[in-house]
Structure formats: structure tokens, C-alpha cells
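Here are some notes to read with the model open beside you. Take them one at a time and find each residue as you go.

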Amino acid sequence: MSKGENSMQLSNEKIVSLFSVLTSLKGVKLPIKVSFAVKKNILKMEKVVAAFYEEHNNMIERYCERDENNKIKVQDGVYIIKNKEEWNRDIKDLLEIENEVDLHLIELTDLLNSNIELTTQELNSLEVILKE
């Protein structure tokens with residue numbers, strides 16, 4: 001682990017949320033230190049996020065109702081789940097799985113000195129990699 005990185009245990013839920021915020025920042029002009037940390041962290045989380053979505057897609061295949069053409073049913077943009085109790089249990093378990101990741105920390109002052117505007121939710125997601 002190199003300087004500026006922290007090994008941490010994070011749930012899939014936190015990793016997916018953080019990954020989403022960091023990928024949204026890829027196209028934003030940021031101070032070089034912040035931009036580097038964003039890119040580095042995205043690379044470090046990609047395998048965990050890919051594994052999460054692969055399992056999530058397997059769950060969709062397993063739990064969703066299908067129409068007469070064997071296509072997954074969607075109503076108003078939402079999957080129709082056959083067994084909601086099992087789905088809820090398994091999705092909760094999937095989201096709670098812990099992973100050890102070495103993430104590059106971002107100085108809070110570097111982020112504050114940029115012109116970036118973040119929502120409260122985005123800031124909450126970033127909190128695990130911010131240092132004062």
C-alpha cells in the first residue's frame with residue numbers, strides 16, 4: 001500500500017455508491033491530486049463492482065417473472081419479482097458483503113478548493129475517502 005492509501009473494509013453497498021459518484025466525477029475538471037485519486041480509486045474498485053453486478057444480474061434472472069416469450073417482465077421500469085421475501089433477503093445479504101479495498105484518500109481541502117458542487121448524498125458517499 002502506498003502513501004495516501006488506506007486499507008478499509010467496505011460493504012458492497014458503500015463501494016457501489018462510492019464508485020457511482022467517482023465515475024460521475026471523471027468528466028469534471030478537478031485539481032490534479034483529486035483527479036488522480038478519483039481515477040486510481042475507480043481502478044481499484046472495478047473488480048468488486050463487476051462481481052456485485054454480475055451477482056445482481058444472476059438474482060434478476062433467478063427471481064424475476066417472465067412473459068410468454070421468456071423475457072423478464074418489467075412494469076413502470078421496475079422488475080416484477082416472483083418471491084419478494086427471498087429477493088429482499090438475498091439483495092440485503094449481497095449489499096452487506098464486506099470487501100477489503102485499498103483506496104487513495106482525498107484531502108478535504110483539495111476538494112473544497114475545487115469548483116465542484118456535490119449533493120449531500122454524493123458527499124456522504126465520498127466521506128470514506130476524505131481526510132482532513
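The points below go from the whole chain down to single residues.

1. First, what you are looking at. This is a predicted model, in which local features need pLDDT of at least 70 and side-chain atom pairs count only at pLDDT 80 or more, while totals for chains, interfaces and linings use all residues. Residues are numbered from 1 along each chain as its sequence is written, and side-chain values use heavy atoms, with hydrogens and water left out.

2. How sure is the predictor? The score to look at is pLDDT, the predictor's confidence in each residue, from 0 to 100. The chain averages 92, and 97% of the residues score at least 70. Among the elements, helix 3 (residues 84-96) has the highest mean pLDDT, at 97, and helix 4 (residues 108-112) the lowest, at 86. Where pLDDT is low, the predicted coordinates should not be read in detail.

3. Now the layout. You should find five helices and six strands. These are DSSP runs numbered from the N terminus: helices are H or I with at least four residues, strands are E with at least two. Starting at the N terminus, the order is β-α-α-β-β-α-β-β-α-α-β.

4. What about the overall shape? The C-alpha trace spans about 55 × 30 × 20 Å along its principal axes. The radius of gyration is 18 Å, whereas a compact globule of 132 residues would have one near 14 Å. That radius is taken over C-alpha atoms, and the globule rule is 2.2 Å times the number of residues to the power 0.38.

5. Next, the surface. The accessible surface comes to about 8900 Å², and carbon and sulfur atoms hold 48% of that; such areas come from the Shrake-Rupley method with a 1.4 Å probe, and for residues only the protein chains shown count as cover. Of the 132 residues, 35% count as buried. Buried means under 20% relative accessible area, exposed over 50%, and partly exposed in between (1.4 Å probe, protein chains only).

6. A word on charges. The chain has 18 positive and 24 negative charges, and their mean positions are 5 Å apart. Lys and Arg count as positive, Asp and Glu as negative, with His and the chain ends not counted. Each charge is placed at NZ of Lys, CZ of Arg, CG of Asp or CD of Glu.

7. Contacts tell you how the chain comes back to itself. Contact means heavy atoms within 4.5 Å. Of the contacts with a separation of 6 or more, 71% are between residues 24 or more positions apart.

8. Try strand 1 for an example. M8 is found there, and M8 counts as buried because its relative accessible area is 13%. Leaving out residues up to four places away in sequence, M8 touches N99, E100, V101, L103, L105 and V128. The C-alpha atoms of M8 and N99 are separated by 8.0 Å, though the two are 91 residues apart along the chain.

9. Stay in strand 1 (residues 5-11) and move to S11. Is S11 buried or exposed? Its relative accessibility is 11%, so S11 is buried. Its contacts, leaving aside neighbours within four places in sequence, are L95, E96, I97, E98 and N99.

10. Now look from the other side, at E98 in strand 4 (residues 98-104). E98 is partly exposed because its relative accessible area is 45%. With neighbours within four places set aside, E98 is in contact with Q9, L10 and S11. Its C-alpha atom is 9.3 Å from that of I15, 83 residues apart along the chain.

11. On to H56, which sits in helix 2. With a relative accessibility of 18%, H56 counts as buried. Setting aside neighbours within four places in sequence, H56 is in contact with W87, I91 and L94.

12. Last, two backbone angles to check. Most residues other than glycine have a negative phi. N70 is not a glycine, yet its phi is positive, at about 65°; N70 lies in the loop between helix 2 (32-63) and strand 2 (74-75). D76 also has a positive phi, near 55°, and is found in the loop between strand 2 and strand 3 (78-79). At 77% relative accessibility, D76 counts as exposed.
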